[in-house]
Amino acid sequence: MKKKLLIFLFGIFSIFTTYAQQTMIKGSVKDAVTFEPVSKVTITIEETNQTTKTNELGEFKFSNNVPLGEQVLKIFKEGYALKRYPIVVNEGQTVNITDMTLELEMTSAEDLFTITLSDDELNDDTSGSDNISGLLSSSLDVFQRTAAFEFSSSFFNVRGLDSKYGTVLINGVEMNKLYNGRPQWSDWGGLNDVLRNQELAVGLQPSSYNFGGFLGSTNINVRASQYQSGGRVTYSSSNRSYTNRLMASYATGEMKGGWSMVFMLSRRWGNEGFQDATLYDANSFFASIEKKLGKKHSINFTSIYTPNRRGKSSPNTQEVYDLKGIKYNEYWGWQDGEKRNSRIKEVNEPILTLNHFWDISEKTNLNTNVAYQFGKIGNSRLDFNGQRLNSDGIPVGGGSNPSPTYYQKLPSYWLTPAAGPNYEQAYLNEQQFLNDGQIDWNSMYLTNLENVENYSTYILFEDRNDDNQFTANTILTSYLNDHITINGSLNYSKLTSKNFAKILDLLGGNGYLNVDSFDGFQFDELNPNRIVGEGEKFRYNYNLYSDIVSGFVQGQFKYNKIDFYASATFSNTQYQREGLYKNGAYPDNSYGKGEKLSFSGIGGKAGFTYKLSGKHLFDFNAGYLTKAPDLRNTFSNSRENHNIVIGITEEKMSTVDASYIFRSPIVKAKLTGYYSKIEDANEISFYYADGVGGDNTAFVQEILQGIDKKQIGAEFGIEAQVTPTISLKGAAAVGQYTYDNDPNLYLTSSDFETGRVDFGESTLKNYKIAGGPQKAYSVGFEYRDPDYWWIGATANFFDDTYIDISPLTRTKNFYQDADGLPFNDYDPELARELLKQEKFDSYMSVNLIGGKSWKIDDYYIGFFASVNNLLDKEYRTGGFEQGRNANYRQLRDDVSNDTPVFGSKYWYGRGTTYFVNVYFRF
């Protein structure tokens, strides 16, 4: 008996001894103001990336594979300012760091992100306004945040890549548009307060939800149970995109019976933003309802509805800018005492998702989702080619171009040898443009009313695409042990996209003849000489179909000294066009269903992080991916026929990057070098060209096929907490983004006898890729006072921004005459000068921001304001060469004028702008 007692006591002693010798980190987190425990705070050991969350008492603990020596705990929860605590871990000892505090974030990055990017992305149908920064808004990395908030106003593209190379998901469902691959930001615009819970994987970093793009992926978690109970009301004022914003949101938290609900309403509006007549009218509605079914199952339903309308602004030539300044917008004119914009973009695409969350076991969960998105996107514009049938049944009529910047209405045209020069008319046009220079709506109404039988010469119509997309996927995550995590998913998407033109306003007329005004062919031979009324379809009408099956599998491995991952993906994509009109220019190749196309994609990526110590880390990633071309770049002229881009194949991408990361309690820094290659890409453009095959003029579709692009560069970010209240930050991006081959170019047009003209290679190799500055630098500081007010300033410098070149002028068409021989007056030296790519001037912008917050009982009131471009610097953010001058003689003669008639068109950044935000949280 005594022997058994001794054994028992020895066992108890051994257990306590072992426990006492166990290496452990534990502690607790409290609110800095109320000193109440804060639950669901994410605690991360930076060296190993081990994470845990605080419980309801604000407590946490690490007890397995705890790293020794100097370590840093990263403490973060949405709505609070990030904190980092240095600690020292000794073997066999417990580090007890209790009552760490978190302060409420005095401003929200998403507020700044929305005003500087999301709302601007409503106008994302031009190369001048595409931007990737929205994918980075939730990043804690100083470079990524700088790219999102400081560089975005200059339309900086991270690593020179388009936003389609990053993916956006909502509850695990991808939201990138199948038409062009880009996220449609306005589909969830104005919902800042309910979209803060974001999980970001930058670059090739592994995501638990999908393979991701080469710029990473962002999953927006909208599960109702993940929101903290309470509400928020916000009012904002600005002179950027809109002038007013009002938002209200409320979350119930988890209620009896396992129910959780979140609701939000918002409105953004204004008669015009920074540019003239850029109206803004947007409403947003959000609801998320979750029901927990026992301990293992939960179902969540989410609806997002954000109808919005926005007036577009025009790119302008240097001549127009010199006369009217950066606020000028050619798209509007006065009507009944109000500014009426002819180019309105309207987006109305509700999103419905149903999610099932199943905790199969403590270490394995399965997330199954279905989503349905439907609605419309419309882009309005004027048409001035309305006709009528004469007594012989022949279409006659048509009007003059109503654009106030039409080249014959500007003074430069009348100073050319072709027009005289006529100095008197040049002066009259200049004065007319200076004193008015806008669309004359009344003149168009009068013309239509005076026409025979009141047929419309001028109309306002919209290009519409009505998408219906169904998506279903299932995502598995399994934690095999403390070191290994397995992810996988299967996805299916089906798209039916209805595309057509619709008349919005006959401008006083009675109807519009559905016949091409240039070549006289019927837009629909099945309904010849049809007279179209308001609200009816005309010109083109077709459907696009897409079916995509894809999946990925991934393994993540985490150890004390090294973390690594490997991921693979596959996809099969099918496209088909169905013509609903029998186009007279292509009667045998436009009506009914065309050929079904199939593309296969595969991809793989892998990477590792080596932790030399808690301060010094090395990161390496590499990936390769093939994917189907976007719908937009698959059919050469989908509005008129079934034709497919010649030689089309899967787009291929490869990339590699390497980083050095330094982390100390005071300084965080990261230096990254990268290299990317894109092969077999396609681009399709539409424009009028002069000098095609000699002196011919035609409306053409330009197909650039088999494009290779190369991006190489470095990124650097550093942040230093020099005192408890003052932090300094800096970021730099230095890149070189170029075309890497001479792709093939051909034109299609109903004006061509054979329908197509092949120009062979376009000599683009080593030309710079347009898309914002290729060099960007930022330095700034932030002061945060213990009394909850703060102020910050940044200075940003941009360089190496280039014009988007015209590929047609880099083909043999530039130097060959109609007989196929070079022009007899061709000067190679002058030609090189004419084809030299324009580089924009470098510039600097200074931004200020500051705010204050108060706590009154259980309520919070906050205020912040920002001023962008404090010094009111005027700068170009992008632009393009007009393709109108397609050969050497045309371009030479135009450039020789004091002011080119068909000079490049530019987008300009805004001058000094402000944003003011006040919120009440309860």
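This report describes the overall build of a predicted model and then turns to one strand, two helices and two single residues.

**Overall build**

The secondary structure of the protein comprises nine helices and 48 strands. Its radius of gyration is 30 Å, close to the 29 Å that the globule rule gives for 922 residues, so the protein is as compact as a globular protein of that length. The C-alpha trace spans about 125 × 60 × 55 Å along the principal axes. Of the 922 residues, 56% are buried, and the accessible surface comes to about 38,600 Å², with 54% of that area belonging to carbon and sulfur atoms. Among contacts with a separation of 6 or more, 70% are made by residues 24 or more positions apart.

**Strand E11 and its partners**

Strand E11, which runs over residues 216-220, is mostly covered, since five of its five residues are buried. In a regular strand the side chains alternate between the two faces of the sheet. In E11 both faces are covered: Gly216, Thr218 and Ile220 are buried on one side, and Ser217 and Asn219 are buried on the other. The strand is joined to two others, E8 and E10, and the table sets out these pairings.

| Partner of E11 | Bridges | Direction | A bridge pair |
|---|---|---|---|
| E8 (residues 167-170) | four | parallel | Ile170 with Ile220 |
| E10 (residues 198-202) | five | antiparallel | Glu199 with Asn219 |

The two bridge pairs in the table involve E11 residues from opposite sides of the strand, with Ile220 on one side and Asn219 on the other.

**Helices H7 and H9**

In helix H7, which covers residues 441-450, the buried residues are Trp441, Met444, Tyr445 and Asn448. Seen down the helix axis, the buried residues of H7 fall within an arc of 100°, so they line one face of the helix. That face packs against several strands, namely E19 (332-335), E20 (338-341), E24 (376-383), E27 (459-479) and E28 (484-505). At the start of H7, a side-chain oxygen of Asp440 reaches to within 3.4 Å of the backbone nitrogen of Asn442.

Helix H9, formed by residues 888-895, has Tyr888, Leu891 and Asp894 as its buried residues. These residues cover an arc of only 145° around the axis, which puts them on the same side of H9. What covers them includes helix H8 (828-834). The N-terminal end of H9 is capped by Asn887, with a side-chain oxygen 3.2 Å from the backbone nitrogen of Arg889.

**Two residues, Ile25 and Ser39**

Ile25 is found in strand E1 and is buried, with a relative accessible area of 0%. Leaving aside neighbours within four places in sequence, Ile25 is in contact with Ile45, Phe60, Lys61, Phe62, Val66, Leu73, Ile87, Val89 and Val95. Ile25 and Thr471 are 446 residues apart in sequence, and their C-alpha atoms are 43 Å apart in space.

Ser39 lies in the loop between strand E1 (24-31) and strand E2 (42-45). Its relative accessibility is 17%, and Ser39 therefore counts as buried, the cut-off being under 20%. With neighbours within four places in sequence again left aside, the contacts of Ser39 are Thr54, Asn55, Glu56 and Lys77.

Key. Residues are numbered from 1 along each chain as its sequence is written. This is a predicted model: local features need pLDDT of at least 70, side-chain atom pairs count only at pLDDT 80 or more; totals for chains, interfaces and linings use all residues. Side-chain values use heavy atoms; hydrogens and water are left out. Buried means under 20% relative accessible area, exposed over 50%, partly exposed in between (1.4 Å probe, protein chains only). Two strands pair if DSSP finds at least two bridges between them. The arc is that of the directions from the helix axis to the C-beta atoms. Contact means heavy atoms within 4.5 Å. A polar contact is a pair of N or O atoms within 3.5 Å; within protein, one must be able to donate a hydrogen and the other to accept it, and residues adjacent in sequence count only if both atoms are side-chain atoms. The radius of gyration is taken over C-alpha atoms; the globule rule is 2.2 Å times the number of residues to the power 0.38. Accessible areas come from the Shrake-Rupley method with a 1.4 Å probe; for residues, only the protein chains shown count as cover.
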